Structures are given as structure tokens and as C-alpha cells.
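Hi everyone, thanks for coming. I'd like to take a few minutes to walk you through a structure you haven't seen before.

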Amino acid sequence: MGTRRKSREMALQMLFQSDMGKQNADHVRRTFWAEHGSASAEVRGFADDLFRAAVDRSTEIDGLIERHAEHWRMDRMAAVDRNLLRAAVAELLAYPETPRAVVINEALEIARKFSTPESVHFVNGVLDSVGKELESRNQGLEVKD
């Protein structure tokens with residue numbers, strides 16, 4: 001498994017821990033890395049960056065996800081899917097130089113590993129829609145439904 005994939009999976013796990021345990025970001029980071037101390041500095045650095053971006057921009061990220069997840073509220077989504085979407089949208093926002101297709105493909109591979117087959121389609125649809133909005137926003141265009 002590549003360094004970035006491992007980082008993305010770890011960011012998902014930290015977001016899941018924070019979400020399900022209702023723990024603050026500092027506590028999550030401290031306890032998570034105490035258990036996963038063998039991760040390389042590169043893996044840890046990118047995972048921390050994604051986690052921090054997701055936490056720091058949580059209101060914006062959740063708003064984007066809810067807007068593009070038709071008929072789904074965040075609290076009704078499966079916890080894995082909700083946090084996978086958060087991590088991927090955080091990457092789209094914090095790392096705009098990473099191609100949208102790469103972020104989406106990585107999220108789909110992680111969904112295949114940690115979630116259900118139906119979730120893969122859901123995650124793909126939401127991320128594709130969010131990605132298009134962000135791309136349009138970055139180009140100064142208005143998104144039309």
C-alpha cells in the first residue's frame with residue numbers, strides 16, 4: 001500500500017474516532033498516534049494534515065457534503081461513509097493540486113475496504129458532485145443544477 005493511501009486510511013480512522021467517541025481533535029491525535037506510533041513520518045504528516053483540514057473546516061465540509069448528498073443528512077449516513085467523505089473533501093480543499101480523479105479513486109478504494117458495495121456508488125456520486133462545484137468555484141464559474 002502506498003504512503004498516501006495509508007495516510008488517507010489513518011485520517012479516516014481518526015475522523016471516525018472523533019465522530020463516534022465525541023472526542024476533541026487533540027485527544028484523538030494523541031491517542032491515535034500512541035497506538036500507531038510505527039507509522040513513518042511521511043504517513044503521519046499527511047494523515048495529520050488531512051485530519052486537521054477536516055476538523056478545521058468541518059462546517060464548510062459538512063455543508064458541501066449535505067448539499068451534494070441528495071436526500072441524506074449527515075447524521076443519517078453510515079459513520080464510515082460520512083467520515084470518508086469528510087476526509088476526501090478535506091483533501092479536495094486543502095490539496096487542490098491533487099487531481100480530483102485521484103482523490104475520488106482513492107476514496108472509492110478505501111470505501112471498498114471499509115464500507116459496503118452500495119457505499120462505493122454513494123461516495124462516488126457525492127464526491128464527483130462536490131469536486132465539480134469546487135472546480136467551478138476555483139475557475140470563478142457558477143454551478144448550475
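I'll start with the overall chain and then go through some of the charged pairs.

First, keep in mind that this is a predicted model. If you look in UniProt, an unreviewed entry lists residues 5–130 as "domain: NusB/RsmB/TIM44". So what is that stretch made of, helix or strand? Over residues 5–130 the chain is 79% helix and 0% strand. The C-alpha atoms at the two ends of that stretch sit 21 Å apart.

Okay, on to the charges. As a general point, side chains of opposite charge can pair when their charged atoms come close. How many salt bridges does the structure hold? The count is 21. I'll pick out a few of them.

Let's begin with Lys22 and Asp19. They form a salt bridge, and the closest N and O atoms are 3.9 Å apart. The cut-off for calling something a salt bridge is within 4 Å, so 3.9 Å makes the list. Now, are these two buried or exposed? Lys22 is exposed, at 70% relative accessible area, whereas Asp19 is buried, at 12%. The line for buried is drawn at under 20%, which is why Asp19 gets that label.

That pair also belongs to something with more members. Asp19 and Lys22 are linked with Asp62, Arg82 and Arg86 in a network of salt bridges.

Next up, Arg73 and Asp75. Their side chains meet in a salt bridge at 3.2 Å, N to O. Here Arg73 counts as partly exposed, with 48% relative accessibility, and Asp75 is exposed, with 55%. The dividing line is 50%, so the two residues end up with separate labels.

Then there's Arg100 with Glu135. This is another salt bridge, with the closest N and O atoms 3.2 Å apart. Which parts of the chain does the pair link? Distant ones: Arg100 is in helix H6, residues 100–114, and Glu135 is in helix H7, residues 117–138, with the two positions 35 residues apart in the numbering. Arg100 is partly exposed, at 22%, and Glu135 is partly exposed as well, at 40%.

While we're on helix H6, have a look at Val102, which is found there too. Val102 is partly exposed, with a relative accessible area of 37%. Compare its position with Leu92: the two are 10 residues apart in sequence and 9.9 Å apart in space, C-alpha to C-alpha.

That's my tour. Happy to go back to any of these on the screen.

How values were computed: Residues are numbered from 1 along each chain as its sequence is written. This is a predicted model: local features need pLDDT of at least 70, side-chain atom pairs count only at pLDDT 80 or more; totals for chains, interfaces and linings use all residues. Side-chain values use heavy atoms; hydrogens and water are left out. Buried means under 20% relative accessible area, exposed over 50%, partly exposed in between (1.4 Å probe, protein chains only). Helices (H or I, at least four residues) and strands (E, at least two) are DSSP runs, numbered from the N terminus. UniProt positions are given in the numbering used here, feature names are shortened, and annotations may be inferred rather than shown by experiment.
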